[in-house]
Amino acid sequence: MIGSVMMCASAALLVLGMLGGIAMGIAHDFTLGPAHAHLNLIGGVMLFLFGLYYRVLPAAGGTLLARVQGGLHIAGAVLFPAGIALSITQGPAYMPVPIIGSLIVTAAVVLFGVVVVRTARAEAMPARRDAAHPVDRRHAPQTTGLHRAVHPASHSQTFHGIVSHNDSHGASRPQDLRPDCRIHGQGTEG
Ligand code: HEM
């Protein structure tokens with residue numbers, strides 16, 4: 001959801017930035033070039049790419065952190081170029097506006113880094129766990145909500161407790177590994 005919002009906002013800001021570029025070209029007045037550049041790059045390019053990341057990995061985009069990050073980025077992508085334009089046209093009294101805008105964008109980019117690292121770690125977790133415990137996963141470490149969102153299937157399998165084993169004739173039989181089994185790994189019967 002936040003990914004779509006970011007991509008729509010990005011498309012709107014990019015159109016605005018490009019219209020500004022056309023206006024500068026027509027007027028042969030390039031004083032607002034820095035505002036145009038920051039609007040296009042932070043609002044157009046970065047915002048779109050971050051939103052695309054959330055769309056490609058919905059588990060990452062579904063977190064509160066991603067919503068906060070996206071909201072901050074949109075606010076900063078508007079405030080920062082607007083502040084640059086204000087400080088160029090109105091004078092240095094408006095300098096606090098682009099400074100605050102740039103800090104908001106910086107905070108959003110740091111948060112995005114946190115989202116990316118957390119998502120990568122959640123993705124890597126089951127691979128490491130499978131290598132350590134190929135069959136019995138009952139003692140797997142507690143996982144985060146993000147991890148469950150990234151790997152919903154692994155959990156229904158892990159905690160349901162049913163695994164498949166080959167018997168002495170080679171036939172595949174489901175076995176119950178839940179903690180309430182009387183004999184570990186021997187099923188519920190008996
Ligand atoms: C319709 C599309 C666009 C037009 C007509 C346009 C026009 C311009 C103009 C007239 C300048 C000032 C050149 C100068 O100072 O000599 C400029 C600068 C710049 N534009 Fe664009 N632009 C467009 C799209 C974009 C896009 C899509 C981006 C980035 C994603 C971009 C990034 C920049 C940058 C980085 C500068 C340099 C700003 C500076 O030197 O302060 N522009 N553009």
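What percentage of the 190 residues in the chain do buried residues make up? Here buried residues account for 25% of the chain. Please keep in mind while reading that this is a predicted model. The chain has 7 helices and 2 strands, and along the sequence they follow the pattern α-α-α-α-α-α-α-β-β. Among contacts with a separation of 6 or more, 61% join residues 24 or more positions apart.

**The nonpolar core**

- The largest nonpolar core holds 24 residues, and those with the most contacts inside it are Met6, Ile42, Leu47, Phe50, Tyr54, Ala77 and Val105.
- Two or more residues of this core come from each of helix H1 (2-27), helix H2 (33-56), helix H4 (64-90) and helix H5 (96-132).
- Helix H2 is the main contributor, giving 7 residues to this core.
- Met6 is a good place to start looking: leaving aside residues up to four places away in sequence, Met6 touches Leu47, Phe50, Gly51, Tyr54, Gly70, His73 and Ile74.

**Helix H1 and its two ends**

- H1 has 26 residues, which at 1.5 Å a residue should span 38 Å; the end C-alpha atoms of H1 are 37 Å apart, in agreement with that expectation.
- The buried residues of H1 are Ile2, Gly3, Met6, Ala9, Ser10, Leu13 and Gly17.
- A bit of helix geometry helps in reading such a list: an α-helix has 3.6 residues a turn, so residues three or four places apart point the same way.
- The partners of the buried H1 residues are H2, helix H3 (58-61) and H4, against which they pack.
- Before H1 comes the segment that contains Met1.
- Met1 counts as partly exposed because 13 other C-beta atoms lie within 10 Å, where 20 or more would make a residue buried and 12 or fewer would make it exposed.
- Met1 and Gly51 are 50 residues apart in sequence, yet their C-alpha atoms are 9.2 Å apart in space.
- At the other end, His28 comes just after H1 and takes a positive phi of about 55°.
- As background, most residues other than glycine have a negative phi.
- His28 sits in the loop between H1 and H2, and His28 is exposed, with 6 other C-beta atoms within 10 Å.

**The shell around the ligand**

- There are 14 residues around the ligand, and Met18, Gly21, Phe30, Ala37 and Asn40 come nearest.
- H1 and H2 each provide at least two residues of this shell, with H2 giving the most, at 8 residues.
- Sorted by class, the shell has 8 nonpolar and 6 polar residues, and no charged ones.

**Helix H4**

- H4 has 27 residues and should span 39 Å at 1.5 Å a residue; the C-alpha atoms at its ends are 38 Å apart, which agrees.
- Which residues of H4 are buried? They are Ala66, Gln69, Gly70, His73, Ile74, Gly76, Ala77, Phe80, Pro81, Gly83, Ile84 and Ala85.
- Gly71 also belongs to H4, but Gly71 is partly exposed, with 15 other C-beta atoms within 10 Å.
- The C-alpha atoms of Gly71 and Ala108 are separated by 8.4 Å, although the two residues are 37 residues apart along the chain.
- After H4 comes Gly91, with a positive phi near 110°.

**Helix H5**

- Ala120 lies in helix H5 and is partly exposed, with 13 other C-beta atoms within 10 Å.
- Ala120 and Ala60 are 60 residues apart in sequence, while the distance between their C-alpha atoms is 9.5 Å.

**Annotated transmembrane regions**

- An unreviewed UniProt entry carries the annotation "transmembrane region" for residues 37-56, 68-88 and 94-117.
- In the model, residues 68-88 are 100% helix and 0% strand, and the end C-alpha atoms of this span lie 30 Å apart.
- Residues 94-117 are 92% helix and 0% strand, with end C-alpha atoms 36 Å apart.

Methods. Residues are numbered from 1 along each chain as its sequence is written. This is a predicted model: local features need pLDDT of at least 70, side-chain atom pairs count only at pLDDT 80 or more; totals for chains, interfaces and linings use all residues. A nonpolar core is a set of buried Ala, Val, Leu, Ile, Met, Phe, Trp, Tyr and Cys residues joined through C-beta atoms within 7 Å. Helices (H or I, at least four residues) and strands (E, at least two) are DSSP runs, numbered from the N terminus. Two residues are in contact if their C-beta atoms, placed from the backbone, lie within 7 Å. UniProt positions are given in the numbering used here, feature names are shortened, and annotations may be inferred rather than shown by experiment. The expected span of a helix is 1.5 Å times one less than its number of residues. A residue is near a molecule or strand if its C-beta atom, placed from the backbone, lies within 6 Å of it. Ala, Val, Leu, Ile, Met, Phe, Trp, Tyr, Cys and Pro count as nonpolar, Asp, Glu, Lys and Arg as charged, and the others, Gly among them, as polar.
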